[in-house]
Amino acid sequence: MPGRSRTTGVFAYGAAAGLAVDLLVGDPRRGHPVAAFGRAAAAVENRLHHDHRGWGALHTAVCAGTTVALGAIAARAVRDRPAAAVALTAASVWAVVGGTTLGREARAIGGALAAGDLDVARERLPHLCGRDPHSLDGPAMARAVVESVAENTSDAVVGALFWGAVAGVPGLVGFRAVNTLDAMVGHKSPRHRRFGWASARLDDVAGWPGARLTAALATVAGGDPRGALKAWRADAARHPSPNAGPVEASFAGALGVRLGGTLSYGGRVEHRPVLNGEGRPVEVADIDRAVRLSRRVTGLTLAVCVGGRLIASALKRRNA
């Protein structure tokens, strides 16, 4: 019983410390663990790549499974030392979340758009999302930034904290590994259409709870809860992504803007459904509003995850 309370405290203090470090300094400029994982995953891909789902599933299992195992070994090594366990959790949270860098990049693009410097905005946009910046005008780039802030709030912050609350350090690093693999091989390019299938499906499963939590908290924290809930219910299922749909729809409703429509990825044009069609077109000022909403969602996520662990611990003690 005391051990359960201690693990809850480790997560609470560690997650809060990790988010504080992220808020103060953002992502490390050199030696980022996620970048190191990406290089290792690319090396494994070069060895295993075949145009076959089975080989892609093996690639996913090796990369994600090894990451989870290393996280479990590290957590086990410090389980009897609370201070070290808190430090490990804090370092893991800092390594896997990216809320501050997300906000900085979004605001940098917003600043360039506000100054009318579309070339700088196009140069920076690939740091935030995979869209073809040369096909976008100013309003389209502003819309792309708001959509990316919404989606990455779930992918880069909320989902990781959720799995950290459920499974500790292995959950934190495992979620980031799965999400990174999806970004690397989960898209529908000729090379990855079959090979990346397993990574894409696993990311859908791992991201499902975090996306719904993000949408719910954006509804609560936004300026128009009724509009956010209405857009979520009406439009989320129309989005091609099962997880981006609820998040982007709730952000659109909360901000009172219209998202979705035509976009281009790597020369491939997609016509996506409009989310919150009653909203107005995105303006440059909405980028800052989206970043502030993302930060409020982050704070609420920490509170919900810690509260959830406390409730789970209390229920276990009662049933013990």
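**A helical protein and its buried interior**

Gly207 is buried, with a relative accessible area of 8%, which falls under the 20% that serves as the limit for a buried residue. This glycine belongs to helix α8 in what is a predicted model. Leaving aside neighbours within four places in sequence, Gly207 is in contact with Phe175 and Asn243. Arg295 sits 88 residues away from Gly207 along the chain, and the C-alpha atoms of the two are separated by 19 Å.

Stepping back to the whole chain, the protein has eleven helices and two strands. Followed along the sequence, these elements appear in the order α-α-α-α-α-α-α-α-α-α-β-β-α. The C-alpha atoms fill a box of roughly 55 × 45 × 35 Å, taken along the principal axes. Is this what a compact globule of 320 residues would give, or not, in terms of radius of gyration? Such a globule would have a value near 20 Å, and the protein has 20 Å, so the two agree. Of the 320 residues, 48% count as buried. The exposed surface comes to about 15,000 Å², and carbon and sulfur atoms supply 61% of it. Contacts can also be sorted by how far they reach along the chain: among those between residues at least 6 apart in sequence, 70% join residues at least 24 apart.

The interior comes next. In soluble globular proteins, nonpolar side chains tend to be buried together. Here the largest nonpolar core holds 39 residues, and Val145 and Leu293 touch the most other members. Helices α5 (99-114), α7 (138-185), α8 (197-221), α10 (244-255) and α11 (285-319) each supply at least two residues of this core. Which helix gives the largest share? That helix is α7, with nine residues. Leu293 touches Ala218, Ala221, Gly222, Phe251, Ala254 and Leu255, not counting residues up to four places away in sequence. Apart from this core lies another, of 28 residues, with Ala15, Phe37, Val96 and Val169 among them.

Val169 also turns up in the surroundings of Ser92, a residue of helix α4 (residues 82-96). Beyond its neighbours within four places in sequence, Ser92 is in contact with Val169, Leu172 and Val173. Ser92 is buried, with a relative accessible area of 8%.

Helix α10 deserves a closer look. Twelve of its twelve residues are buried, so the helix is largely enclosed by the rest of the structure. The buried residues include Pro246, Glu248 and Ser250, as well as Phe251, Ala254 and Leu255, and these last three are also among the residues that Leu293 touches. How does the length of α10 compare with what its twelve residues should span? At 1.5 Å a residue the expected span is 16 Å, and the end C-alpha atoms are 16 Å apart, which agrees. Just after α10, Gly256 takes a positive phi of about 75°.

Another positive phi is found further along the chain. Most residues other than glycine have a negative phi. Asn276, however, has a positive phi of about 60° although it is not a glycine. This asparagine lies in the loop between β2 (268-275) and α11. Is Asn276 buried or exposed? With a relative accessible area of 12%, Asn276 is buried, because the limit is 20%.

Notes. Residues are numbered from 1 along each chain as its sequence is written. This is a predicted model: local features need pLDDT of at least 70, side-chain atom pairs count only at pLDDT 80 or more; totals for chains, interfaces and linings use all residues. Side-chain values use heavy atoms; hydrogens and water are left out. A nonpolar core is a set of buried Ala, Val, Leu, Ile, Met, Phe, Trp, Tyr and Cys residues joined through side-chain atoms within 4.5 Å. Buried means under 20% relative accessible area, exposed over 50%, partly exposed in between (1.4 Å probe, protein chains only). Helices (H or I, at least four residues) and strands (E, at least two) are DSSP runs, numbered from the N terminus. Contact means heavy atoms within 4.5 Å. The expected span of a helix is 1.5 Å times one less than its number of residues. The radius of gyration is taken over C-alpha atoms; the globule rule is 2.2 Å times the number of residues to the power 0.38. Accessible areas come from the Shrake-Rupley method with a 1.4 Å probe; for residues, only the protein chains shown count as cover.
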